[in-house]
Amino acid sequence: MDTFQFKSQENLSLRQRVLNDIRSAIIGGHLKPGDKLKELDISKQMSISRGPIREALRDLEALGLVVSSPYRETTVADVRKEEVTELLIPIRLKLELFALKYSGAKRDEAFYGKLDQIVERMKEFAADGDLPALVEEDIQFHEQLLSLDDSSYTLQIWSGIVNRLRLHFIKNTSRFDDLRKVADDHAALLSALRGGSEEKIEALWTQHIQDEDCLLCFIDESEGEGK
């Protein structure tokens, strides 16, 4: 320990604040897919050097929220329909069905109480039209289930896709005519968890997650009609 020294935390702390600010702007929909993220412009707006911004953008790229190419500007990432339907949703479904299968004994009143609170907040945010907040509660609802798994692997896999799911939700859930449906769907999931058979829960959960495919198909059809 005499020769070991920890790194200064000052720059790391600033880097984290920069990361959080840019991430919030992306998740909140203020920065859209394809928007350019210019280090010089951001540094002027934040009144800081470009170093922490460059580091934060690298971290955001690792999280799947921005795209950076050599000799080209960094841009906000997009998520394609094929990625959602053929990759993200199948992985998510496997994870959550696995957690459902092995978490029955751990679903106690404390667990249900947390989900109750989440659903109530979802209803409030849906009524207010606050999509970013609604999306965060949606993710927290499902993370509560995944956190019941004893191993860390489920959440590790989830952490690798959750930001891409956030982009998908922000981009496509906004097309809903009524955001209250999102809250109502989760209220139905909670009701099934409390009193339904394992078969009913699995069927309802599967339908809920696969409905994301239906949303994207509906969007494709609507955009095609408008052309």
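**Figure 1. Ser103 is buried in the loop between H4 and H5.** In this predicted model, Ser103 has a relative accessibility of 2% and therefore counts as buried. Its place is the loop that joins H4 to H5. Leaving aside neighbours within four places in sequence, Ser103 is in contact with Leu145 and Leu148. Asp150 lies 47 residues away from Ser103 along the chain. The C-alpha atoms of Ser103 and Asp150 are separated by 9.0 Å.

**Figure 2. Gly104 lies in the loop between H4 and H5.** Gly104 counts as partly exposed, because its relative accessibility is 37%. Its neighbour in this view is Glu198. The two residues are 94 positions apart in sequence. In space, Gly104 and Glu198 are 8.6 Å apart, C-alpha to C-alpha.

**Figure 3. Helix H5 spans residues 109-128.** This helix has 20 residues. At 1.5 Å a residue, H5 should span 28 Å, and its end C-alpha atoms are 29 Å apart, which agrees. In the protein chain, confidence is highest in H5, at a mean pLDDT of 96. Gly129 follows the helix. The phi of Gly129 is positive, near 70°.

**Figure 4. The two faces of H5.** The buried residues of H5 are Phe111, Tyr112, Leu115, Ile118, Val119, Met122 and Ala126. Seen down the helix axis, the buried residues fall within an arc of 120°, so they line one face of H5. An α-helix has 3.6 residues a turn, so residues three or four places apart point the same way. The buried residues of H5 pack against two helices, H6 (131-146) and H8 (180-195). Turned away from the buried side is a face that carries the exposed residues Glu109, Ala110, Ala127 and Asp128.

**Figure 5. The largest nonpolar core has 55 residues.** Ile22, Phe141, Trp158, Leu193 and Trp205 have the most contacts inside this core. At least two core residues come from each of these helices: H1 (10-27), H3 (50-62), H4 (81-102), H5, H6, H7 (153-172), H8 and H9 (198-226).

**Figure 6. The surroundings of Ile22.** Ile22 is among the residues with the most contacts inside the largest nonpolar core. Setting aside neighbours within four places in sequence, Ile22 is in contact with Leu31, Leu37, Ile42, Met46, Leu57 and Leu60. Leu37 is 15 residues from Ile22 in sequence. The C-alpha atoms of this pair are 9.3 Å apart.

**Figure 7. Leu37 is buried in strand E1.** Leu37 has a relative accessible area of 6%, so the residue counts as buried. Residues up to four places away in sequence are not counted in what follows. Leu37 touches Ile22, Leu31, Ile42 and Leu57, among others. The contacts of Leu37 also include Val66, Thr74, Thr75 and Val76.

**Figure 8. An open sheet of 3 strands.** The strand order is E1-E3-E2, and the pairing is antiparallel. Strand E1 (36-37) and strand E2 (66-67) are the edge strands. Each edge strand pairs on one side only. Strands of a sheet pair through backbone hydrogen bonds, either parallel or antiparallel. E2 and E3 (residues 74-76) pair in the antiparallel sense over 2 bridges. Val67 has Thr75 as its bridge partner in E3.

**Figure 9. Ser47 has a positive phi.** The phi of Ser47 is near 60°, and Ser47 is a residue other than glycine. Most residues other than glycine have a negative phi. Ser47 sits in the loop between helix H2 (39-46) and H3. Its relative accessible area is 65%, so Ser47 is exposed.

**Figure 10. The whole protein chain, for orientation.** The chain has 227 residues, of which 39% count as buried. Its secondary structure comes to 9 helices and 3 strands. From the N terminus on, the elements run α-β-α-α-β-β-α-α-α-α-α-α. Among contacts with a separation of 6 or more, 72% join residues 24 or more positions apart. The pLDDT averages 87, and 87% of the residues score at least 70. Confidence is lowest in H9, at a mean of 73.

How values were computed. Residues are numbered from 1 along each chain as its sequence is written. This is a predicted model: local features need pLDDT of at least 70, side-chain atom pairs count only at pLDDT 80 or more; totals for chains, interfaces and linings use all residues. Side-chain values use heavy atoms; hydrogens and water are left out. Helices (H or I, at least four residues) and strands (E, at least two) are DSSP runs, numbered from the N terminus. The expected span of a helix is 1.5 Å times one less than its number of residues. Buried means under 20% relative accessible area, exposed over 50%, partly exposed in between (1.4 Å probe, protein chains only). The arc is that of the directions from the helix axis to the C-beta atoms. Contact means heavy atoms within 4.5 Å. A nonpolar core is a set of buried Ala, Val, Leu, Ile, Met, Phe, Trp, Tyr and Cys residues joined through side-chain atoms within 4.5 Å. Two strands pair if DSSP finds at least two bridges between them. pLDDT is the predictor's confidence in each residue, from 0 to 100.
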